[in-house]
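Biologist: I am new to this structure and should be grateful for a close look at its nonpolar interior. Please explain each term as it arises.

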Amino acid sequence: MRACTDLSPLRIAVSFGAVSPRLAALLACQRAEEPQTPLRLHEVAVAEQLNGLSHGRYDGGLALTDAPESPLRAHALWRDELAVAMPAQSPLRRFDAVPLEEAARYPLIGWQAAACQPVSALIDSLLLTQPCIQVQSYELMAVLILAGYGIGIGLQSRLAGFRAPHIVSRPLAGCQSSITTYLLQPPCGAVAALDRLAKRGRELRQ
């Protein structure tokens, strides 16, 4: 069991979907404020993440779920929202936040990666029976948008990061569409450095 004073690298499992610009900000903050406790990241599927945390392979995990059926402790860090990505000349650009009923007038491209069930389930619940092209990467979504296949729906932080000059994004309005990123910890063997990391993560949403 890792001691609370152990300053060796923290082994952090990051599940697919939890990678975002805020994670980059958290890593930069960690390096600046606590360089003596580096983070060693492992990108894994949620099942491997939960199993690894339970068996001591990882000290903590970043996930888009609070793992309600496991004994892990979950610290809510920040929230992300669903948004719409569209061609720069799209009529939807006039909205500060696009109503779902307006987005549904267009062919939809949804980010529904099987390895990121929380986001996929949220998009499914909003679209219901609405036909949707399913993609597992934001890169392919950008290609399809630029090719005129439709508009994209995914996490706002990821859509805002599109570097394509002819794609713009807007928040999705009129629905409950938030996704929370959590820092998961084993139920025992608390590590003080993880508590400090959680505090830094919470401060990013202020």
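Modeller: The account below begins with the core, then turns to single residues and ends with a pair of helices.

The model is predicted, so local features need pLDDT of at least 70 and side-chain atom pairs count only at pLDDT 80 or more, while totals for chains, interfaces and linings use all residues. Residues are numbered from 1 along each chain as its sequence is written, and side-chain values use heavy atoms, with hydrogens and water left out.

In soluble globular proteins, nonpolar side chains tend to be buried together. A nonpolar core is here a set of buried Ala, Val, Leu, Ile, Met, Phe, Trp, Tyr and Cys residues joined through side-chain atoms within 4.5 Å. Buried means under 20% relative accessible area, exposed over 50%, and partly exposed in between, with a 1.4 Å probe and protein chains only. The largest nonpolar core has 52 residues, of which L82, V84, W111, V119, M141 and F162 touch the most other members. Strand β4 (residues 73-87) supplies the largest share of this core, seven residues. Strands (E, at least two residues) and helices (H or I, at least four) are DSSP runs, numbered from the N terminus.

Contact means heavy atoms within 4.5 Å. Neighbours within four places in sequence aside, V84 is in contact with V98, A103, I151, G152, I153, L159, V168, S169, R170 and L172. A85 also has its place in strand β4, and A85 is buried, with a relative accessible area of 0%. Not counting residues up to four places away in sequence, A85 touches I145, I151, G152, L159, F162, I167, V168 and S169. Between the C-alpha atoms of A85 and P171 there are 8.8 Å in space, although these residues are 86 apart in sequence.

L155 belongs to strand β8 (residues 151-155) and counts as buried at 3% relative accessibility. Beyond residues up to four places away in sequence, L155 touches G17, L64, D80, E81, L82, V119, Y138 and I179. One of these partners, L82, is also among the core residues that touch the most other members.

A second, separate core of nine residues includes V44, Y58, A67 and Y182. A67 is found in the loop between β3 (60-63) and β4, and is buried with a relative accessible area of 6%. Its phi is positive, about 50°, although A67 is not a glycine.

Another loop, between β6 (108-111) and α4 (117-127), holds Q112. Q112 is buried, with a relative accessible area of 8%. Leaving aside neighbours within four places in sequence, Q112 is in contact with S120, I123, D124, C132, Q134, V135 and Q136.

The helix pair completes the picture. Helix α1 (residues 21-33) and helix α7 (residues 192-203) pack at an angle of about 125°, their axes 10 Å apart. Axes are lines fitted to C-alpha atoms, for helices over the stretch in contact, and angles run from 0 to 180 degrees between N-to-C directions. The two helices are therefore oblique to each other; angles under 35 degrees count as roughly parallel, over 145 as roughly antiparallel, 65 to 115 as roughly perpendicular and the rest as oblique. L26, C29, Q30 and E33 of α1 make the contact with L197, R200 and G201 of α7.
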